[in-house]
Amino acid sequence: MRNGFFYSLVLALLTSASIGVIAAPSVVPHTENATMVSDAMATAPSEKVDLNGADAATLQKQLSGVGEAKAKAIVAYRDANGPFASVDELLEVKGIGKAILDRNRDKLEVN
């Protein structure tokens, strides 16, 4: 009888310990978070994108809401019509609307 009680007690203890380990929240070291923040800052564009000098890949990467097709359309418009005179001229490109321009206005420049 004592052995059965003892084994039941050990089993209950081990079960509760394993449940505690499984249910415990995972702890992320602070150094990992600091690395992620510094990586994000390193990849964040610090310079503006020149509409007259950027290639399609740069436009696609740096501008929000601009995918491959729109980036190629911007470059094709520039090739066909000459350099952009202002950032607002981007509205003339098919597929670029006011919302996309407003979202990216602070990232754009014309040189």
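Biologist: Why is Arg105 called partly exposed?
Modeller: This is a predicted model, and the relative accessibility of Arg105 in it is 35%. Buried means under 20%, exposed means over 50%, and partly exposed is what lies in between. The 35% of Arg105 falls in between, so Arg105 counts as partly exposed.

Biologist: What makes Arg105 and Asp88 a salt bridge?
Modeller: The N to O distance between their side chains is 2.8 Å. The cut-off is within 4 Å, from a side-chain nitrogen of Lys or Arg to a carboxyl oxygen of Asp or Glu. The pair meets that cut-off, therefore it counts as a salt bridge.

Biologist: Which parts of the chain does that pair link?
Modeller: Distant ones. Arg105 sits in the loop between helix 5 and strand 2. Asp88 sits in the loop between helix 4 and helix 5. The two are 17 residues apart.

Biologist: Is Asp88 buried, partly exposed or exposed, and why?
Modeller: Asp88 has 41% relative accessibility. That value is between 20% and 50%, so Asp88 counts as partly exposed.

Biologist: What makes Asp102 and Lys98 a salt bridge?
Modeller: Their closest N and O atoms are 3.2 Å apart. That is within 4 Å, so the pair qualifies. Both residues lie in helix 5, four residues apart, which is about one turn of the helix.

Biologist: Why is Lys98 called exposed and Asp102 partly exposed?
Modeller: Lys98 has 57% relative accessibility. That is over 50%, so Lys98 is exposed. Asp102 has 40%. That lies between the two cut-offs, so Asp102 is partly exposed.

Biologist: How do you know that Asp88, Lys98, Asp102 and Arg105 are linked in a network?
Modeller: Follow the pairs. Arg105 bridges to Asp88. Asp102 bridges to Lys98. Arg105 also bridges to Asp102, with the closest N and O atoms 3.6 Å apart. That distance is within 4 Å, so the Arg105 and Asp102 pair counts too. These four residues therefore form a network of salt bridges. The whole structure has four salt bridges.

Biologist: How do you know that Arg78 has no salt bridge?
Modeller: The nearest side chain of opposite charge is Asp79, 4.5 Å away. A salt bridge has to be within 4 Å, so Asp79 misses the cut-off. Arg78 is buried all the same.

Biologist: What does the side chain of Arg78 reach?
Modeller: The backbone oxygen of Leu51, at 2.5 Å. A polar contact needs a pair of N or O atoms within 3.5 Å, and 2.5 Å satisfies that distance. Arg78 itself is in helix 4, residues 68-81. Apart from neighbours within four places in sequence, its contacts include Leu51, Asn52 and Pro83.

Biologist: Is Pro83 buried or exposed, and why?
Modeller: Its relative accessible area is 60%. That is over 50%, so Pro83 is exposed. Pro83 lies in the loop between helix 4 and helix 5. With neighbours within four places set aside, it contacts Asn52, Arg78 and Glu89. Pro83 and Asn52 are 31 residues apart in sequence, and their C-alpha atoms are 5.5 Å apart.

Biologist: Why is Asn104 called buried?
Modeller: Its relative accessible area is 1%. Buried means under 20%, so Asn104 is buried. Asn104 lies in helix 5, residues 98-104.

Biologist: Which backbone atom lies 2.8 Å from a polar atom of the Asn104 side chain?
Modeller: The backbone nitrogen of Ser64. The distance cut-off for a polar contact is 3.5 Å, and 2.8 Å is within it. Leaving out neighbours within four places, Asn104 contacts Leu63 and Ser64.

Biologist: What makes up the largest nonpolar core?
Modeller: It has 18 residues. Leu59, Ile74, Leu90 and Leu108 have the most contacts inside it. Helix 4 and helix 5 each supply at least two of its residues. Helix 4 gives the largest share, four residues.

Biologist: What does Leu90 touch?
Modeller: Setting aside residues up to four places away, Leu90 touches Leu51, Ile74, Phe84, Ile96, Leu101 and Leu108.

Biologist: How much of the chain counts as buried?
Modeller: Of its 111 residues, 21%. The chain has five helices and two strands, in the order α-α-β-α-α-α-β from the N terminus.

Notes: Residues numbered from 1 in each chain as written. Predicted model: local features only at pLDDT ≥ 70, side-chain atom pairs only at ≥ 80, totals over all residues. Heavy atoms only, no water. Buried < 20%, exposed > 50% of the residue type's maximum accessible area, 1.4 Å probe, protein only. Lys, Arg positive; Asp, Glu negative; His and termini not counted. Polar contact = N/O pair within 3.5 Å; in protein donor to acceptor, adjacent residues only side chain to side chain. Contact = heavy atoms within 4.5 Å. Core = buried A, V, L, I, M, F, W, Y, C linked by side-chain atoms within 4.5 Å.
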